[in-house]
Amino acid sequence: MIKNLLVISLLIIFLFGCNSSHKFGGINAQINRVISGQTIEIFVDKKNVSFRLMGLRIPSNINYDKKLAQQHLIQLLTSNYHYPLNSVIVKVETKLNQKDKYGRLAGYVWLNNQLINRKVLEGGWAIASLEYTDGKYDQDLLQGEEYARIMGNGIWKINH
């Protein structure tokens, strides 16, 4: 019975949520470095800025190496280290005039038509945090976290 529910849940996630087919307008940005599992430095609007991936957070109360979240984000952005990080161009959706209390822009990152914010969640190295999102991709983010939970990825591993 539990196995059947798991299979049905996975099918629902794959059928309705795996491929975000949203039309997005964004601006091109070059990746400079990955600061953490949820923050990158990009070159946009003729300057380097810190950029926080919206809709997720790296949990502080779970005992795991936070460097794993950072490494996972680097792997996502470089196609598993196939490309140098500073050669990667992404599209970002953000408001260039709004920064958080740490001076970061916040928004969504797209690479090869994939929502990187969701991919971080699918890897299981972050949890969905929708309190500061604009609601546009909330379902995608929640589905990414649910996928990680079901698959036992990252922090959702049974034996961590």
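A nonpolar core, as the term is used in these legends, is a set of buried Ala, Val, Leu, Ile, Met, Phe, Trp, Tyr and Cys residues joined through side-chain atoms within 4.5 Å. Buried means under 20% relative accessible area, exposed means over 50%, and partly exposed lies in between (1.4 Å probe, protein chains only). The model is predicted, so local features need pLDDT of at least 70 and side-chain atom pairs count only at pLDDT 80 or more, while totals for chains, interfaces and linings use all residues. Residues are numbered from 1 along each chain as its sequence is written, and side-chain values use heavy atoms, with hydrogens and water left out.

**View 1. The whole protein, with its helices and strands.**
The protein has four helices and eight strands, where helices (H or I, at least four residues) and strands (E, at least two) are DSSP runs numbered from the N terminus. Read from the N terminus on, the order is α-β-β-β-β-α-β-β-β-α-β-α. Among the 160 residues, 44% are buried. Contact means heavy atoms within 4.5 Å; of the contacts between residues at least 6 apart in sequence, 62% join residues at least 24 apart. The protein exposes about 9500 Å², and carbon and sulfur atoms supply 52% of that area (Shrake-Rupley method, 1.4 Å probe; for residues, only the protein chains shown count as cover).

**View 2. Residues 10-22, a stretch to read with care.**
The average pLDDT of the protein is 85, and 80% of the residues score at least 70; pLDDT is the predictor's confidence in each residue, from 0 to 100. Over residues 10-22 the pLDDT stays under 50, and the model has 24 contacts beyond four places in sequence for them. Where pLDDT is low, the predicted coordinates should not be read in detail.

**View 3. The largest nonpolar core.**
This core holds 36 residues, and those that touch the most other members are Ile40, Ile42, Leu77 and Val90. Two or more residues come from each of β1 (27-34), β2 (39-44), β3 (47-53), α2 (66-77), β5 (89-94), β6 (105-111), α3 (116-122) and β8 (127-128). The element that gives the most is β6, with five residues.

**View 4. Ile40 and Gln70.**
Beyond its neighbours within four places in sequence, Ile40 is in contact with a set of residues including Ile31, Val49, Phe51, Leu73, Leu77 and Val109. Gln70 has its place in helix α2 and counts as buried, at 14% relative accessibility. Residues up to four places away in sequence aside, Gln70 touches Val34, Ile35, Ser36 and Gly37. The C-alpha atoms of Gln70 and Ile40 are separated by 9.5 Å, with their positions 30 residues apart along the chain counted as their sequence separation.

**View 5. Strand β6 and its partners.**
Six of the seven residues of β6 are buried, so the strand is largely enclosed by the rest of the structure. Two strands pair if DSSP finds at least two bridges between them. With β3, the pairing of β6 is parallel over three bridges, and Arg52 has Ala106 in β6 as its bridge partner. With β5, the pairing is antiparallel and has four bridges; here Val92 is matched with Val109 of β6 as its bridge partner. Strand β7 (residues 114-115) also runs antiparallel to β6, joined by two bridges, and Trp110 has Leu115 in β7 as its bridge partner. β6 and β7 form a hairpin with two residues between them, and Asn112 in the turn has a positive phi of about 50°.

**View 6. Salt bridges.**
A salt bridge is a side-chain nitrogen of Lys or Arg within 4 Å of a carboxyl oxygen of Asp or Glu, and seven are counted by this rule. Arg33 and Glu41 meet in one of them (3.5 Å, N to O); Arg33 is partly exposed at 43% relative accessibility, and Glu41 is buried at 18%. Another joins Arg104 to Asp100, with the closest N and O atoms 2.8 Å apart. Arg104 is buried, with a relative accessible area of 14%, whereas Asp100 is partly exposed, at 25%.

**View 7. Helix α4 and a salt-bridge network.**
Glu145 forms a salt bridge with Arg149, the closest N and O atoms lying 3.1 Å apart. Both residues belong to helix α4 (residues 138-151) and sit four residues apart, about one turn of the helix. Glu145 is buried at 11% relative accessible area, and Arg149 is partly exposed at 42%. Elsewhere, Arg118, Lys119, Glu122 and Asp140 are joined into one network by salt bridges that share partners.
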